[in-house]
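Reader: I'm new to this one and would like a close look at a single part. Could you start at one charged side chain and work your way on from there?

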Amino acid sequence: MAEAREQWHSRAAFIMAAVGSAVGLGNVWRFPYVAYSSGGGAFLIPYFVALFTAGIPLLILEMGLGQRLQRGAPLAFGAIRKPLQWFGWWVAGLSAAIVIYYTTILAWSWTYLWHALTQAWGDQPETFFFETVLRRSEGPGEIGWPVGPLVIGMALTWLLIYLILRKGVRSVSKVVMVTVPLPMLLLAVLLVRGLTLPGAIDGIRYYLTPDFSMLTDWRIWLKAYGQIFFSLSLASGVMIGYGSYLGKKAEVTNSALITGLANCGTSFFAGFVVFSMLGYLANVQGVAVPDVTTSGSGLAFVTFPTAISQLPALNALFGVIFFVTLLTLGIDSAFALQEAFTTGFHDKWGVHPEKLARVFVLIAFPISLIFVTRGGYFWFDIVDKWICDFGLVISGLAQCLIVGFLYRVREFRDYLNEQSEVRLGNWWIWALRYVTPGVLSVILVANLLEEIKVGYGGYPRWATLIGGWGTVLLWGVLGFVLWRRPQNSDRVNARGED
Ligand code: TRP
C-alpha cells in the first residue's frame, strides 16, 4: 500500500512557504530600483496590471496543477502528455541550476555578517567588495581557486538547506514560520531607523513621485511583467512542487491571491527602507539621490554598507540586522528551489527526503564552489542572466500554452472553483491563453535580439555560450535522461527505500 503523500501542517504553513519562496532578494534589491527608474509611483499601475493579468493567474495555475495532480513539475507535466515529462524535468532542472548559483549571494551575506561587526569595508566599500571579499579576477577566463571565507559561507548555507529539507515538508512547515516573518520584522526595524534620518524624505520622494508620461513607453510595461514574473518565483516548478503537498480538498485560488499580494506588498514596503537609507546617504555625501541609487549586488554589498557606516550610532547592530535580513530572505527561496527539483525524484522513484537532501547537497555544494572562485562573479552574472531572461521566460511561455491548450482548462477552472473561496471567471483562461503568452513572447524576442546584437555585459561570446546557453541546454539533456529512466512503481512512496 502506498502511504499518503506528505502534507503541510496547515494552510498557513503552505502560504508562508509560498510567500517565503516569492519574497526574496528581488523584493529588496530589484523592485525599489525598477520602480524608481520606471516612473516612480506611476509604476504601480503597470505593476498591478501585471500582477492581476499574469502573476496571479499563473500562480493559481502552478499551485492548482500541483494540488490537483499531487505531483511536482516533472510528473505533473507528464500527466498532461507523456512526453511533456521531459519538459517538466527541464523546468525542475532550472530550479536546481538556480539554487546552485543563488547560494552564492548567501555565501557573500555570511561573510558580510561577519564584517558588519567591525564595518570592515571602511571608506572604500566597493574595493572591499570586489577585491577583498570576492578577490575578483580580470574576467571569466581567469577562474582561480575558491576564496576561503566564501567557501565557509557556502558550506554553512548548504548545511542549513540540508538540515531544513531532510525531514521533508513537515520541517519546512516549521522553518518558514521563522524565516518569513523575521526578515519582515527586521525590515520594519530598518525602516524606522531609515525614516528618522535626515534626508529620508528626499529619498522617498525620488522613489514615489509619479511620472505618468513614462507609462506611454511600452518597455515600462514589459519591465513590470518581468518583475512580477521573477518576484513571484514563477515558471521554475517551485509553486507546482509546493502545491503538490496540499491536501486533495485544499483551497488554492485565495491562497494564490494572498501570496501574490503579500509578496508585492513586501516589495513596496522594502522600497521605503531602501530609499529612506539612500536619501540619508545622499544627504551625508551632499549629492542627489540618483547618484547613490543602484540595484543588485551593488545596492546590498556596496551602497548599503556605506550607509551603515554613516549611521550616527549602533552601526554594528544595524549592519548585522541588514545581513540577517538578506540571509533569511534568501534561505527560503533556496530550499524551495531545491525542493522543486528533488520532488520529482520522490514522485518517480520514491526516494526518501533525507537521502534526496543529502545526495543533492553533496553534488551541488562542490559545483556551487565555481561561483566563489576568483572568476566566479562573472559566471554567476552570466548564469543568472540566462536563467532569468531566457530559461524562465521560455518555461513560463510553454507552461501557459501547455495548460491553456493541451489541458482541459475549463474543467480545471471548475475544479478549482469547487474548492475555493474565490471564483475564477473566463478572464483567468484569457490571461493564460493570450495575455501572458503574448507578453512573454515579446519579452523573449526582445531579449534574444539584444543578445544577438550586443551580447551581454561585455563578456566574450564563448563565456556566454558555455555559461548561459550551456546551462539552459544542459538541463534539456539531463531532463531527457531522467524522463527516459523507467519509473519504479513498486517503490513509489515506500518510505526509507532507495
Ligand atoms: N522570487 C525571488 C526573489 O524575489 C527570486 C526567484 C525567482 C526565485 N525565481 C525563483 C526564488 C524561483 C525561488 C524560486 O528574490
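## Starting from a charged side chain

Author: Let's begin with arginine 408, which counts as exposed, with a relative accessibility of 62%. Keep in mind as we go that this is a predicted model. So who does arginine 408 pair up with? Its side chain meets that of glutamate 411 in a salt bridge, with N and O 2.9 Å apart. The partner, glutamate 411, is partly exposed, at 38% relative accessible area. As for the general idea, side chains of opposite charge can pair when their charged atoms come close.

How many such pairs are there? The structure holds ten salt bridges. Another one to look at joins aspartate 217 and arginine 219, where the N to O distance is 3.2 Å. Here too the arginine is exposed: arginine 219 has a relative accessible area of 51%. Aspartate 217, on the other hand, is partly exposed, at 24%.

Then there's the pair of arginine 358 and glutamate 354, whose closest N and O atoms sit 3.0 Å apart. Both of these residues belong to helix 16, which runs over residues 353–368, and they are four residues apart, or about one turn of the helix. Arginine 358 is partly exposed, with a relative accessible area of 36%. Salt bridges can also link up into a network, and that is what you get with Arg11, Glu251 and Glu421.

Next up is another arginine, picked out by its backbone. Which way does phi go at arginine 135, positive or negative? It is positive, near 50°, in a residue that is not glycine. You'll find arginine 135 in the loop that runs between helix 6 (125–133) and helix 7 (148–165). It is partly exposed, at 42% relative accessible area.

Leucine 314 also has a positive phi, about 55°, although it isn't a glycine. Its place is the loop between helix 14 (297–310) and helix 15. Leucine 314 is exposed, with a relative accessible area of 55%. Now go on to asparagine 315, which is found in helix 15. Asparagine 315 is buried, with a relative accessible area of 14%. Where does its side chain reach? It gets to the backbone oxygen of serine 309, at 3.1 Å.

Helix 15 takes us to the ligand, as this helix (315–349) supplies at least two residues of the shell around the ligand. So do helix 1 (11–22), helix 2 (25–37) and helix 11 (218–231). Which helix gives the largest share? That's helix 2, with three residues. There are 14 residues around the ligand, and the ones that come nearest are Ala22, Gly26, Phe230, Ser231 and Ser233. What kinds of residue make up that shell? Six are nonpolar, eight are polar and none is charged, so the charged side chains we started with are not the kind of residue found in it.

What about polar contacts with the ligand? A nitrogen atom of the ligand has a backbone N or O atom of alanine 22 at 3.0 Å. Serine 231 likewise places a backbone N or O atom 3.0 Å from a nitrogen atom of the ligand. With asparagine 27, it's the side chain that takes part: one of its N or O atoms lies 3.3 Å from an oxygen atom of the ligand. And how much of the ligand does the protein cover? On its own the ligand has 360 Å² of accessible area, and the protein covers 98% of that.

One more stop: the cysteines. How many disulfides does a search of the whole structure find? The count is zero. Take cysteine 264, which is in no disulfide and has its nearest cysteine sulfur, in cysteine 388, 16 Å away. Cysteine 264 counts as buried, since its relative accessibility is 1% and buried means under 20%. Going the other way, cysteine 388 is in no disulfide either, and its nearest cysteine sulfur is that of cysteine 264, again at 16 Å. A disulfide needs two cysteine sulfur atoms within 2.5 Å, so the 16 Å between these sulfurs doesn't qualify. Cysteine 388 counts as buried as well, at 17% relative accessibility.

Conventions
Residues numbered from 1 in each chain as written. Predicted model: local features only at pLDDT ≥ 70, side-chain atom pairs only at ≥ 80, totals over all residues. Heavy atoms only, no water. Near = heavy atom within 4 Å. Polar contact = N/O pair within 3.5 Å; in protein donor to acceptor, adjacent residues only side chain to side chain. Areas by Shrake-Rupley, 256 points an atom, 1.4 Å probe, with all protein chains shown as cover. Buried < 20%, exposed > 50% of the residue type's maximum accessible area, 1.4 Å probe, protein only. Salt bridge = Lys/Arg side-chain N within 4 Å of Asp/Glu carboxyl O.
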